[in-house]
Structures are given as structure tokens and as C-alpha cells.
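Work through the exercises below with the sequence and the structure at hand, and try each task before you read its solution.

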Amino acid sequence: MRIRTTVLAALAALTLASASPAAPAAAASSDTPAADTGRPGDIVTSAPTAFRTPPGVPTATRAWHITYRSTTATGRPDVVSGTVVVPDDGTKGPRPLIAWGIGAVGLADGCAVSGRFPQGASSEAQLIDLALRRGWAVAVTDYEGLGTPDDHTYTVGRSEGQAVLDAARAAQRLPEAGLSPDAPVGIMGYSQGGQAAGWAAELHPSYAPELRVKGTVAGGVPADLPTTFDYNDGGAGAGLALMALAGQDSAFPALRLDSYLNDRGRGYVDFMKRNCVSLSTIAGLFQHRSEVTARDPLADPVWQLALRASLLGTRSPDHPVYLYQGRLDELIPYRVGEALRDRWCARGVSVEWRDYPLDHVTTALTGMPTALDWMAGRLADEPTRGNCGA
């Protein structure tokens with residue numbers, strides 16, 4: 001009972017900041033140019049915007065809302081939106097670039113962080129600001145289907161990873177940002193962003209080898225979706241799990257999620273597609289999958305195949321990785337983080353592992369300064385051997 005009360009209180013506080021969808025980003029319209037020409041990472045549209053942490057308070061930055069070409073999980077070209085932020089610190093010449101995978105914000109277009117940054121309505125902006133204060137530029141993707149036409153492919157690893165890498169490409173190709181294609185690149189993300197960062201790290205050698213990626217930071221990673229879904233069945237993250245099923249269905253319509261849901265489940269998914277993460281999480285709090293389905297999609301071999309396609313740890317990042325996890329994480333099982341570490345270590349990846357005796361959100365906040373210090377070392381080409389949990 002105490003756990004439920006604590007979770008409800010935390011989510012209620014988050015709702016004040018992010019319950020209602022923000023105004024959709026300027027590019028979120030049916031007029032967004034087609035993605036069938038050009039290279040992944042090419043700029044489609046760009047416009048000046050603002051990056052704020054609290055509302056109404058400017059930061060010493062220059063920022064641009066962009067749409068850029070990327071690739072879906074099934075290999076089709078698409079257009080994704082995002083934000084490029086550069087410190088306005090008078091620095092001349094190349095500076096490092098961080099490709100940032102944002103944590104879950106919701107399924108509605110108005111939840112996209114590119115529309116929230118100008119309002120100072122993104123809770124993750126304060127963490128991004130810590131990177132900007134180090135003089136690093138940051139490229140933040142909205143991911144496929146958030147802030148642009150079609151539905152958001154939440155938790156579809158390949159789509160997220162490609163969107164992260166293409167955001168870095170786009171930032172380097174944005175003339176106003178003044179970024180060099182030869183500058184060092186880091187990849188960072190937590191929660192959904194940790195999944196996106198991990199996938200970007202694994203895809204880098206084959207998808208975007210020209211990017212000079214020096215290191216990846218990934219925390220609270222839903223690396224194994226079936227295990228994570230079972231962990232959240234009837235738990236605090238049950239609504240997030242249903243959002244994730246909807247995200248998979250958006251990427252792979254042949255899954256036909258609607259045919260597995262009962263009326264209650266279809267109502268929840270419709271609600272989630274119109275709202276942001278706080279309300280969606282509260283709506284599904286502590287429900288069991290059996291309460292919203294007529295038959296369990298996770299028992300279907302087709303669904304099992306789709307979910308296995310987002311498993312992390314089947315490829316080797318070609319650069320060091322910093323991986324961290326809360327031992328009391330109520331959303332991502334600790335064993336999922338450990339297993340990802342072990343899979344990467346077994347493949348010879350230089351993994352720096354760190355865990356904390358904390359929950360999901362507190363680990364994100366507590367772990368960020370150390371993660372940024374680790375990234376600074378990689379961007380400076382300092383050697384690291386990792387510890388693989390030793």
C-alpha cells in the first residue's frame with residue numbers, strides 16, 4: 001500500500017508539469033515534405049526556436065526546431081522532428097555534439113519535446129542543460145511519429161536508434177549551428193532514451209559509421225521488452241506497458257493490437273494517443289494485462305517475434321558504453337539491466353557498469369553527473385577499460 005501511495009503522489013506531481021499536450025510543433029502537419037528523397041540525416045525544415053528549463057526564463061543557448069530524414073523500423077524512409085541546441089558562449093571552432101534520446105513523454109503529438117522546450121515544460125530539459133553547460137551541443141529527437149504525421153513507435157528499438165543517429169547527422173548538416181562533421185559525438189539517454197541510446201550504439205557501425213561516436217551512456221534501459229512487460233503487469237508501469245504495445249503496433253500494423261484488446265483496452269489506448277505520459281501512466285496504474293485484453297498478445301508467436309526484434313545486446317557497439325541501473329527500479333527490472341551488461345561484456349564491449357540503491361526517477365537524477373563526467377572523458381579521448389560489473 002505504501003508503494004502505491006508513493007507512486008500515486010509522484011505521478012500526481014508530474015501531472016502538474018506535463019499532463020496536457022503542449023501545442024504541436026510547427027512541423028506537425030500533413031504538409032511535412034515526403035521522405036522519399038535525400039539521405040538519412042538531411043534537413044527537411046528548420047526554424048529558430050527557444051530552449052528553456054523553467055518557463056519564461058531564457059538560457060544562454062541558440063536553438064532550432066528541425067525536421068530531418070530518417071528510417072523506420074521496417075527500412076522505409078520517413079521524416080522525424082527534433083531540436084538542435086548550441087551554447088551561446090562565444091566559443092569558436094568545433095565543439096562536441098551529444099545525440100540525446102529523450103525519456104517517455106507520451107503518444108500524442110503535443111507531447112513532443114520540440115514543442116515543450118520553448119515553454120520550459122520539459123522535465124528532462126534540466127538534465128540536458130547540464131550537458132550544454134559543459135559547452136557541448138545537443139541534438140534531441142522527438143522519435144518517429146511524435147510531432148510529425150503517423151503514430152509514435154514507442155519502444156521500437158531500431159526506429160528510435162536510427163532517429164537518434166540521424167538527429168546527430170542533421171545537427172552537423174545545419175549550417176546555422178556551426179557544428180563540424182569531424183567533431184566527437186556522444187550518445188546519451190535514460191529509460192526510453194536509454195533504449196534509444198543503446199540501439200544507436202549498436203547500429204552506429206552499420207547505419208552511421210561516419211559519425212565519430214566516442215561513447216554511449218544508457219540508463220534504466222528496457223532492453224528486454226517481454227520481461228519488462230511481465231514485471232509491470234499489475235504494477236506501477238502497467239500503463240507504460242500498454243503504451244509500448246501500441247507503439248509496437250504503430251511500427252508493425254500487421255500485429256493488429258486492436259484485435260487483442262477488449263473494449264476497456266481499446267478505450268485506454270485511445271486515451272493514451274490523445275494524452276501525455278503522466279495521465280497515461282495514471283490511467284493504467286496497477287492494471288493487469290488480462291483486464292484490457294480479450295487474448296494475450298505476448299502469447300502470440302508473431303508478437304513474440306516483433307518484441308524480440310527490439311532486444312538489446314545482440315550486436316556490439318564499436319565504442320565504450322556507460323550503463324547504469326537502479327536496484328529498486330519499479331519500472332525496469334534490475335535483472336534486465338544486468339543481463340544487457342552481461343550480453344555486451346560477452347561480446348567484448350568496454351562496459352562501465354554502475355548501479356544505485358534507488359528507484360527509476362531518482363536513479364536518473366542521481367546518476368547523471370557521474371554519467372556526464374564519464375562522457376567528458378570519452379569526448380577527450382581519455383582511455384577506459386570498463387569494469388563489466390567487476
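**Exercise 1. Determine the handedness of the link between C345 and C388, and describe where its two ends lie.**

Solution. The torsion about the S-S bond of C345 and C388 is -110°, and this link is left-handed. The two cysteines belong to distant parts of the chain, 43 residues apart, with C345 in helix 12 (residues 334-346) and C388 in the segment after helix 13 (360-379). This is a predicted model, and in it the sulfur atoms of C345 and C388 are 2.1 Å apart, S to S, which satisfies the cut-off of 2.5 Å for a disulfide. To finish, compare each accessibility with the limits, where buried means under 20% and exposed over 50%. C345 has a relative accessible area of 19%, so C345 is buried, whereas C388 stands at 34% and therefore counts as partly exposed.

**Exercise 2. How many disulfides does the count come to, and how are the bonded cysteines paired in sequence order?**

Solution. The count comes to 2 disulfides. One of them joins C111 to C276, with an S to S distance of 2.1 Å. The torsion about the S-S bond of C111 and C276 is about -105°, so this disulfide is left-handed. C111 lies in the loop between strand 4 (97-101) and helix 2 (113-116), while C276 lies in the loop between helix 8 (263-272) and helix 9 (277-283), so the pair ties together parts that are 165 residues apart in sequence. Both C111 and C276 are buried. When the bonded cysteines of the chain are numbered in sequence order, the pairing reads 1-2, 3-4.

**Exercise 3. Check the span of helix 7, and state how it is placed against helix 8.**

Solution. Begin with the span: helix 7 (residues 238-251) has 14 residues, which at 1.5 Å a residue should span 20 Å, and its end C-alpha atoms are indeed 20 Å apart, so the two values agree. Next, consider its surroundings: 13 of the 14 residues of helix 7 are buried, so the helix is largely enclosed by the rest of the structure. Then turn to its partner: the axes of helix 7 and helix 8 come within 10 Å and cross at roughly 85°, which makes helix 7 roughly perpendicular to helix 8. The contact is made by G239, L242, M243 and A246 of helix 7 together with G265, Y268, V269 and M272 of helix 8. Sorted by class, this contact of helix 7 with helix 8 has 6 nonpolar, 2 polar and no charged residues. In reading such a list, it helps to recall that an α-helix has 3.6 residues a turn, so residues three or four places apart point the same way.

**Exercise 4. For Y143 and R256, decide whether each is buried or exposed, and give its phi.**

Solution. Y143, found in the loop between strand 5 (137-141) and helix 4, has a positive phi of about 75° although it is not a glycine. Its relative accessible area is 1%, so Y143 is buried. R256, in the loop between helix 7 and helix 8, has a phi near 50°, again a positive value in a residue other than glycine. Its relative accessibility is 52%, so R256 counts as exposed.

**Exercise 5. Locate Q172 and list the residues that it touches.**

Solution. Q172 is in helix 4 (residues 157-173), and with a relative accessible area of 14% it is buried. Leaving aside residues up to four places away in sequence, Q172 touches L97, L179, S180, P181, A183, V185 and L211.

Conventions. Residues are numbered from 1 along each chain as its sequence is written. This is a predicted model: local features need pLDDT of at least 70, side-chain atom pairs count only at pLDDT 80 or more; totals for chains, interfaces and linings use all residues. Side-chain values use heavy atoms; hydrogens and water are left out. Helices (H or I, at least four residues) and strands (E, at least two) are DSSP runs, numbered from the N terminus. The expected span of a helix is 1.5 Å times one less than its number of residues. Buried means under 20% relative accessible area, exposed over 50%, partly exposed in between (1.4 Å probe, protein chains only). Axes are lines fitted to C-alpha atoms, for helices over the stretch in contact, and angles run from 0 to 180 degrees between N-to-C directions. Angles under 35 degrees count as roughly parallel, over 145 as roughly antiparallel, 65 to 115 as roughly perpendicular and the rest as oblique. Contact means heavy atoms within 4.5 Å. Ala, Val, Leu, Ile, Met, Phe, Trp, Tyr, Cys and Pro count as nonpolar, Asp, Glu, Lys and Arg as charged, and the others, Gly among them, as polar.
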